[in-house]
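Colleague: Got a minute to go through this model with me? I'd like to hear the reasoning behind the labels.

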Amino acid sequence: MGQDPGLRVESARRTVELDFGGYGIGGLSVGESRPEMLAALDVTVPELPADRLRYLMGVGDPVGLVEAVARGVDLFDCVAPTRTARHGTAWTRAGRLSLRAAACARDDRPIDGDCPCPTCGRWSRGYLRHLLLVNEPTALRLVTLHNLAFMFDLVDRIRAAVADGTLEELRAETGAVWGG
Ligand SMILES: [Zn+2]
């Protein structure tokens with residue numbers, strides 16, 4: 001973890017002196033609190049040229065994504081959407097949905113009725129739960145497809161919100177659904 005703001009700034013400045021096409025921000029999302037991560041971004045991102053890619057390593061939860069974009073980050077990578085899917089949890093606009101929960105046992109609805117992914121087009125929550133409980137590997141792939149579709153949709157929404165100046169509303173909405 002690199003929380004020292006002075007060292008963060010020095011590292012960013014000395015790396016920018018090397019004149020790369022893009023800059024990665026590492027050492028975050030490794031166990032520190034959300035405020036600690038955002039504080040590190042607050043001092044680091046302004047040091048990086050706005051016309052170069054600014055890449056935050058290891059962040060991929062909805063709130064982390066929106067908050068980092070609001071601070072100027074352009075690029076991410078993260079295992080969270082797919083790892084979470086393999087644990088049987090779907091991400092939706094309404095928040096997390098645990099497909100292993102008993103409440104899904106006889107639920108004929110898709111994970112998200114508005115989702116264009118192949119999983120939501122064909123399989124119900126109840127069937128996905130059955131596949132998860134019998135350890136059928138297909139379940140992991142089907143939920144992964146959905147969570148990736150959710151992420152693509154979220155990034156599309158972030159991009160549109162930046163373009164039309166409504167990122168603050170999307171921040172508020174994302175924070176309300178997913179918690180800070
Ligand atoms: Zn879906």
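Colleague: What hand does the crossing of helix 6 and helix 7 have?

Modeller: Left-handed: that is how helix 6 passes helix 7 in this predicted model. The call rests on the near helix being turned anticlockwise from the far one by less than a right angle.

Colleague: And why is helix 6 called oblique to helix 7?

Modeller: Look at the angle. The axes of helix 6 (residues 125-133) and helix 7 cross at roughly 135° and come within 7 Å. Roughly perpendicular covers 65 to 115 degrees, and roughly antiparallel needs over 145. An angle of roughly 135° fits neither, so helix 6 counts as oblique to helix 7.

Colleague: Which residues meet where helix 6 packs on helix 7?

Modeller: From helix 6 you have L128, L131 and L132, and from helix 7 they meet T138, A139, L142 and V143. Sorted by type, that contact has 6 nonpolar residues, 1 polar and no charged.

Colleague: What makes one of them polar?

Modeller: Leu, Ala and Val are on the nonpolar list, and Thr is on neither the nonpolar nor the charged one, so T138 counts as polar.

Colleague: Now helix 3. How do you know how helix 3 and helix 7 are oriented to each other?

Modeller: Same kind of reasoning. The axes of helix 3 (residues 62-70) and helix 7 (residues 137-164) cross at roughly 25° and come within 11 Å. The cut-off for roughly parallel is under 35 degrees, so helix 3 and helix 7 are roughly parallel to each other. As for the hand, helix 3 passes helix 7 in a right-handed crossing.

Colleague: Which residues meet between helix 3 and helix 7?

Modeller: P62, L65, V66 and V69 in helix 3 meet L154, I158 and V162 in helix 7. The split there is 7 nonpolar, no polar and no charged. Pro, Leu, Val and Ile are each on the nonpolar list, which is why that contact sorts the way it does.

Colleague: Zooming out, how many helices and strands does the protein chain have?

Modeller: There are 8 helices and 5 strands, running α-β-α-β-α-β-α-β-β-α-α-α-α along the sequence. The domain assignment gives domain 1 (5-78) and domain 2 (81-147), with C-alpha centres 32 Å apart.

Colleague: And what share of the residues is buried?

Modeller: Of the 180 residues in the protein chain, 28% are buried. For a residue to earn that label, 20 or more other C-beta atoms must lie within 10 Å of its own.

Methods. Residues numbered from 1 in each chain as written. Predicted model: local features only at pLDDT ≥ 70, side-chain atom pairs only at ≥ 80, totals over all residues. Axes fitted to C-alpha atoms, helices over the stretch in contact; angles between N-to-C directions. Helix = DSSP H or I, 4+ residues; strand = E, 2+ residues; numbered from the N terminus. Contact = placed C-beta atoms within 7 Å. Domains from an automatic or database assignment. Buried ≥ 20, exposed ≤ 12 C-beta atoms within 10 Å, placed from the backbone.
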